[in-house]
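Please work through the exercises below with the sequence and the model open side by side. Each one sets a task and then solves it step by step.

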Amino acid sequence: MRVGRAVSGVLAFVVLLGVVVGTVWEQQPHGYRGESVAQDVFSAERAFRVVREIAQRPHPVGTVEHDRVRDVLVGALRGLGLDTEIQDGVGRYPGSLRRDVVGMARVANIVARMPGTDSTGTVFLTAHYDSVASGPGANDDGVGVAAVLEAVRALRAGGSTLRNDVVVLLTDAEETGLLGAEAFVASGKDGRDNGVVVNHEARGAGGPVLLWRTTHPDGALVDAVEKVAPYPNTDSLTTTLAGAQTGSNTDFASFEPGGLRVLDWAYAGRSAYYHNIFDDPAHVDLATVQQMGDNSLALVKEFGGKDLRTKDDADRSFFQLPFGMLVVLPFWVIMALAAVTVLAVGWLSRHLRRAGETSLRKIFGSAATALVPAPLATGAVYGLWEVVKLIRPEYRPLFVDPYRPEFYYVSILVLSAAVLLAWYAIARRLFGATAAMAGLLCCLAVLGGILAIVAPATAHVLVVPTLGATVGVAATFAVPERWRLPVLTVFLIPAAVFLGSATWPALQTGITTAPFLVAPAVVLLGGLLLLTLTQAWPDRRGWAIPSTAFVVAVALAAAGLAVDRFDDQHPLTSQLVYALDADRNEALWLSRDSPDRWTRNFVGEGAPSRPFAQLWPTTTASGPATAAKLSPPTAEILSDTTESGQRTVHLRLRTTRAATSIALRYETAPTALRVAGRDLTPVPKTGFQFYAPAPDGIDVQLVAPAGPLSLQLVDYTWLPDSGIPSYRNPPGDIYFRQDSAGAVFVTIPGL
Ligand SMILES: [Zn+2]
């Protein structure tokens, strides 16, 4: 493989790096439309007025501010001329996802209708209007709510009536367990047959708006996105991986079991502002809002006019290209391309051997080692972040990323590249320049083939770039010498584009996933770009290149540590619970995290003893507290009967201090449990926590084997609002996480 000379090789490599950077830049949101733009288009600035209105203060379920936000939104929807109502109900954490303590709430969903002319189904525009207690929720999910309202406003201003019904559904109590959406689905009231949900979420404060999860089969949904969404930031690798994990959840998990088809859109850049006091209007990126709204307005028009009765029966393979292009392919096309790639690489290897450039033994040798740098890069990136956290332990309790993660991002990319370059230096020495690259192509072709069989939705990420590169190398045999490098470079553009969209947006979703997604992407896709350096790589002192890259990676991480510091505008996250045992009039401070410079005033290392350890099992730090005069929750025994070995108890639970939630906890689960009219099946392992209980309490019926019952009641308020005399507000550079609480617990007497 003789392609070009040293200088032109480096130039081609730089051009491809330019394509990588250009792809990343193009995918980020740029610009937005102001208030003065035509009424039938989406304006981020107009949407932002709604954000400012609703995200003034935290508004979690069960607070006065929550009810103010609810009323503002109902007024705004009625102002748009929509038939709007508040649907009251009781929601529970989706039964499909297991939790020891199941979240529940009295919820108030906002439902507004636009009847269609000849409806075949309903298009739901959804977002949640509650926030966490620890922040005003401007991005999460004020922007989603505002995007829905502005999209509907633009739709109505356009004057066209749609064929299908459109329903705006602003869900309640998402933050406490996807409860409003669950209550909506469980009510079974609205005709949800043939329903399509466009859900709006945020787990950060900027970056591209990603379609990160869909229901399956996804073919018809993705076809619509391809057809109309101007920013289809998605690919079937991402949606497959996101669908497989349940750690990070949205209302999607409540809608899906209801048989609705769902597109789950969310942005996750600048995630340090997630669930934080600075998730406020000042930290909203209007360009991101514009992306979200432009997509949703286009999608509601598309689904609004479609026959929603025709459902798709197949999943697709899809990936994005720059300039808003989404390529959607049936699985068989990817499988066929994977087969072609394997054949093409086989032909190429044979050709290189016949031309006397290398031997099959050397190619196989390189192929056998080509995967090794992937786990090594994973380990190196993982280790890098562990070292950074050792140097700066305040990073440990971070929800996702630090405030200024960019130097770390680049460091991760350069470190992964350093591992790749080290492999390349060794492979060249051992197998020669030609066999090193031919081996990499063989390895990727086989890996792509395996993926095409076992997980076809993910295979495009290897198959398309590898096929491009293989065809590019083959083409160099057929063109005159001076055309070889330009031709090869053109065929490596798919690898560069895929590398761009697989790295930076993935980094924006969080450093913790970087070892497993970004590092392998750099090693495998970046490896293809090394084809341009075949002639340019120095025969002597090749080691200097990976060594320099390692040094640069470390320097970048050091720069990250220097640039990113906690201060009043970039506060540190902290977690603290005050727990009062009303049975014994004893209190403790508790924390899930190691003591930091603020919480060490309250707690020291060491888990508490029972009964605290039983109610807060993840506590790692604790300390003594003065017992405050807080009145405990109560349980009124309405009835208590035992019949043929079964004891049935009917209770009414109340908070006597207007707490925002109340929990019933036990060590031995009853055989049946019914709370506020909802059966909890299967019965949760250790209890339930009910948010926004009605002032006259919540009704609980439980069935257990005859004999004594040991039940505990706990109620919770947001720690700063708990009225604990020994509580002090933290300094400005520390904020409390959403689960920081003042809690009172008591054993239900007389059972
Ligand atoms: Zn949210």
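P682 lies in the loop that runs between β19 (678-679) and β20 (687-691). The model is a predicted one, and the exercises begin with the peptide bond that leads into this proline.

**Exercise 1. Describe the peptide bonds that precede P682 and P611, and say where P611 lies**.

Solution. Begin with the bond from T681 to P682, which is cis and has an omega near -5°. Then turn to R610 and P611, which are likewise joined by a cis peptide bond, with omega about 0°. Finally, place the second proline in the chain: P611 is in the loop between β13 (604-605) and α20 (612-615).

**Exercise 2. Determine whether F323 and S644, which both have a positive phi, are buried or exposed**.

Solution. Take F323 to start with, a residue other than glycine whose phi is near 65°, and locate F323 in the loop between β8 and β9. Counting C-beta neighbours inside 10 Å gives 8 for F323, and because a residue with 12 or fewer is classed as exposed, F323 is exposed.
Next consider S644, also a residue other than glycine, with a phi near 35°. S644 sits in the loop between β15 (634-643) and β16 (646-654), and since S644 has 5 C-beta neighbours inside 10 Å, S644 counts as exposed.

**Exercise 3. Compare the span of helix α10 with the expected value, and find what its buried residues pack against**.

Solution. Helix α10 covers residues 331-354, which is 24 residues. From the first C-alpha to the last, α10 reaches 35 Å, close to the 34 Å expected at 1.5 Å a residue.
For the second part, list the buried positions of α10, which are I334, L337, A338, T341, V342, V345, L348, S349 and L352. An α-helix has 3.6 residues a turn, so residues three or four places apart point the same way. The partners of the buried residues of α10 are the strands β8 (316-321) and β9 (325-330), together with the helices α11 (360-369), α14 (433-454) and α15 (456-476). Just after α10 comes G356, which takes a positive phi of about 75°.

**Exercise 4. Describe how α10 crosses α15, and classify the residues of their contact**.

Solution. Two packed helices are described by the angle between their axes and the distance between the axes. For α10 and α15, the axes come within 9 Å and cross at roughly 35°, and α10 passes α15 in a left-handed crossing. On the α10 side the contact includes F331, M335, V340 and A344, and on the α15 side it includes P456, H460, V463 and T466. The residues of this contact divide into 16 nonpolar, 4 polar and no charged.

**Exercise 5. Work out how α13 is oriented relative to α18 and to α11**.

Solution. Take α18 as the partner to begin with: the axes of α13 (residues 406-431) and α18 (residues 518-529) come within 9 Å and cross at roughly 50°. This angle makes α13 oblique to α18, and α13 passes α18 in a right-handed crossing. Here I412, L413, S416, A417, V419 and L420 of α13 meet V518, A519, V522, V523, G526 and G527 of α18, and the residues of the contact comprise 9 nonpolar, 3 polar and no charged.
Now take α11, which packs with α13 at an angle of about 160°, with the axes 10 Å apart. Because an angle over 145 degrees counts as roughly antiparallel, α11 and α13 are roughly antiparallel to each other. The crossing of α11 past α13 is right-handed. K362, G365, S366 and T369 of α11 make this contact with W423, A427, L430 and F431 of α13, and the residues divide into 4 nonpolar, 3 polar and 1 charged.

**Exercise 6. Decide how V490 and N585 are classed by exposure**.

Solution. V490 belongs to helix α16 (residues 481-491), and because V490 has 14 C-beta neighbours inside 10 Å, V490 counts as partly exposed. N585 lies in the loop between β11 (577-581) and β12 (586-591), and with 10 C-beta neighbours inside 10 Å, N585 counts as exposed.

How values were computed. Residues numbered from 1 in each chain as written. Predicted model: local features only at pLDDT ≥ 70, side-chain atom pairs only at ≥ 80, totals over all residues. Axes fitted to C-alpha atoms, helices over the stretch in contact; angles between N-to-C directions. Helix = DSSP H or I, 4+ residues; strand = E, 2+ residues; numbered from the N terminus. Parallel < 35°, antiparallel > 145°, perpendicular 65-115°, else oblique. Left-handed = near helix turned anticlockwise from the far one by under 90°. Contact = placed C-beta atoms within 7 Å. Nonpolar A, V, L, I, M, F, W, Y, C, P; charged D, E, K, R; others polar. Expected span 1.5 Å × (residues − 1). Buried ≥ 20, exposed ≤ 12 C-beta atoms within 10 Å, placed from the backbone.
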